[in-house]
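Colleague: Hi, could you walk me through this model? I'd like to start with the overall picture.

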Amino acid sequence: MTFPKSHKGPDEEAETLLRPPQPPPAQPSSGGLWNNLRRLGPGMVTGTANVDPSLVVTATVVGAAFGYSLLWVVVLCVPFLLAVFQVSARLGFETRKGLVDLVREHYGRGLALGCALLVVVINMAMIIADVLAVSDALSIILNQRRVFFAAAVAFSVWYILIFRDYRKITNVLLWLSLPLYVYVASAIMEAPSPGTVLLGTIIPHVQQSPAYAASIVALFGSLLTPYILVWQTSSRGEQAVIGGERPHSFESHAGTVVSVLLSYCVMVSAAAVLKLPAPIDMTTRQAADALRPAVGALGPVLFAIGIIGAGMVALPVLCASLCYSVSEAMGWKTGLSEHPWDAPPFYVLISLSMFIAAVANFFRINPVKALYLSQLLAGVLTIPILIFILLLANNRRVVKTGNTLSQNFWVGAACGALLASGLLWLWTIFR
């Protein structure tokens with residue numbers, strides 16, 4: 001996703017050149033390195049929004065259940081993510097419209113409503129699960145019951161989206177997710193011989209069990225998250241309208257690296273540390289134990305801070321992408337840059353979704369199981385969304401620049417991989 005940036009016009013640039021020299025670093029260099037560093041921020045936000053509590057917990061459950069045998073799935077997602085991030089961002093920027101809006105315009109309202117329904121089902125499940133996770137993380141730090149924090153978390157997300165500039169707040173909250181990078185150190189410290197990890201990374205070990213096949217689907221769903229695809233298109237379209245710059249491949253590279261690196265390291269850490277009979281039934285505190293070997297007693301606290309940061313970065317994106325999809329399918333005025341009174345249905349949807357999430361958190365639900373199952377659902381329902389992106393991005397009546405052969409291959413391969421893993425899961429269940 002991209003946030004607004006200030007740009008100098010020709011007259012301002014000339015005026016800058018006529019000013020007396022200033023001591024460095026008052027005027028940053030315009031070279032390629034500085035431009036790449038400037039673009040790193042949006043890419044990191046995209047990656048960190050993708051690394052929400054659902055991804056962390058899914059990788060923890062899979063690593064604890066099947067060790068290193070599914071690391072190849074994470075690596076396989078690298079070209080998928082690069083292609084999908086680039087295509088969805090370009091689609092939104094060139095058309096200045098959201099994904100569901102484009103589906104409605106070119107394929108009819110019926111398919112647009114179907115696409116929006118998929119996003120609503122996936123996003124609502126993830127919003128509820130993420131509010132659960134953030135509330136549980138607060139309970140770890142403050143040593144109070146989770147139920148005391150659910151309403152406050154939901155209200156905070158609602159307040160940020162309705163009354164504040166969520167972009168600025170998200171950039172601050174992004175720093176709270178940095179403790180999750182301790183997983184990188186934990187993976188290095190706790191991993192067994194490099195050969196064991198490398199074997200699980202490059203050689204698929206397919207087991208004929210429903211749990212194993214479901215883990216493949218959940219991993220795909222946690223990385224190829226539907227809400228990020230909708231958000232990439234809708235937010236880029238909105239940014240293009242207000243004068244944002246064209247998406248750059250460096251941002252998609254940064255987002256992919258963040259997502260894949262953390263997922264990989266979480267799996268390695270969980271495989272090395274967590275030995276549980278039923279990983280899907282673990283508690284949040286047990287999931288945090290994967291960090292203990294690296295930071296000792298601080299592990300649960302750092303885990304909780306990271307989950308709070310990642311969850312509070314992802315929740316506004318989850319909620320907004322859900323509301324974008326429904327509003328675009330119905331043809332309503334939409335956009336976080338709009339005043340609430342100018343787009344009332346869009347903002348009513350934000351309020352309704354956060355209210356439902358807050359109420360759901362008063363039921364006795366295991367956050368780990370809810371997060372994992374939400375990604376299993378996402379892995380199954382992402383396929384139609386990827387197909388729509390592929391069709392629209394190759395339609396010259398929609399975009400000026402079609403996909404490259406490589407982009408078509410990898411987005412198509414992502415659809416094929418999701419479909420194959422879903423069919424494998426069904427086959428193992430019925431078999």
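Modeller: Happy to; we can go from the overall make-up to the core, a helix pair and two loop residues. This is a predicted model, where local features need pLDDT of at least 70, side-chain atom pairs count only at pLDDT 80 or more, and totals for chains, interfaces and linings use all residues. Residues are numbered from 1 along each chain as its sequence is written, and side-chain values use heavy atoms, with hydrogens and water left out.

Colleague: How many helices and strands are there in the protein chain?

Modeller: The protein chain has 19 helices and zero strands. Those are DSSP runs numbered from the N terminus (helices H or I, at least four residues; strands E, at least two).

Colleague: And what percentage of the residues count as buried?

Modeller: 55% of the 431 residues. Buried means under 20% relative accessible area, exposed over 50%, and partly exposed in between, with a 1.4 Å probe and protein chains only.

Colleague: Which residues have the most contacts inside the largest nonpolar core?

Modeller: Leu70 and Ile127, in a core of 137 residues. Helix 16 (residues 299-330) gives the largest share of this core, 19 residues. A nonpolar core here is a set of buried Ala, Val, Leu, Ile, Met, Phe, Trp, Tyr and Cys residues joined through side-chain atoms within 4.5 Å.

Colleague: What does Ile127 touch?

Modeller: Leaving out residues up to four places away in sequence, Ile127 touches Leu315, Leu318, Cys319, Leu322, Met354 and Ala357. Contact means heavy atoms within 4.5 Å.

Colleague: New topic: at what angle do helix 3 and helix 18 pack?

Modeller: About 95°, with the axes of helix 3 (residues 53-66) and helix 18 (residues 367-393) 8 Å apart. Helix 3 is therefore roughly perpendicular to helix 18, a label for angles of 65 to 115 degrees. Axes are lines fitted to C-alpha atoms over the stretch in contact, and angles run from 0 to 180 degrees between N-to-C directions.

Colleague: Which residues meet there?

Modeller: From helix 3, Pro53, Ser54, Val57, Thr58, Val61 and Val62 meet Val368, Leu371, Tyr372, Ser374 and Gln375 of helix 18.

Colleague: Last one: where is Asn143, and is Asn143 buried or exposed?

Modeller: Asn143 is in the loop between helix 6 and helix 7 (150-163), and counts as exposed because its relative accessibility is 62%. Its phi is positive, near 55°. Arg96, in the loop between helix 4 (71-95) and helix 5 (99-107), also has a positive phi, near 60°.

Note on methods:
Angles under 35 degrees count as roughly parallel, over 145 as roughly antiparallel, 65 to 115 as roughly perpendicular and the rest as oblique.
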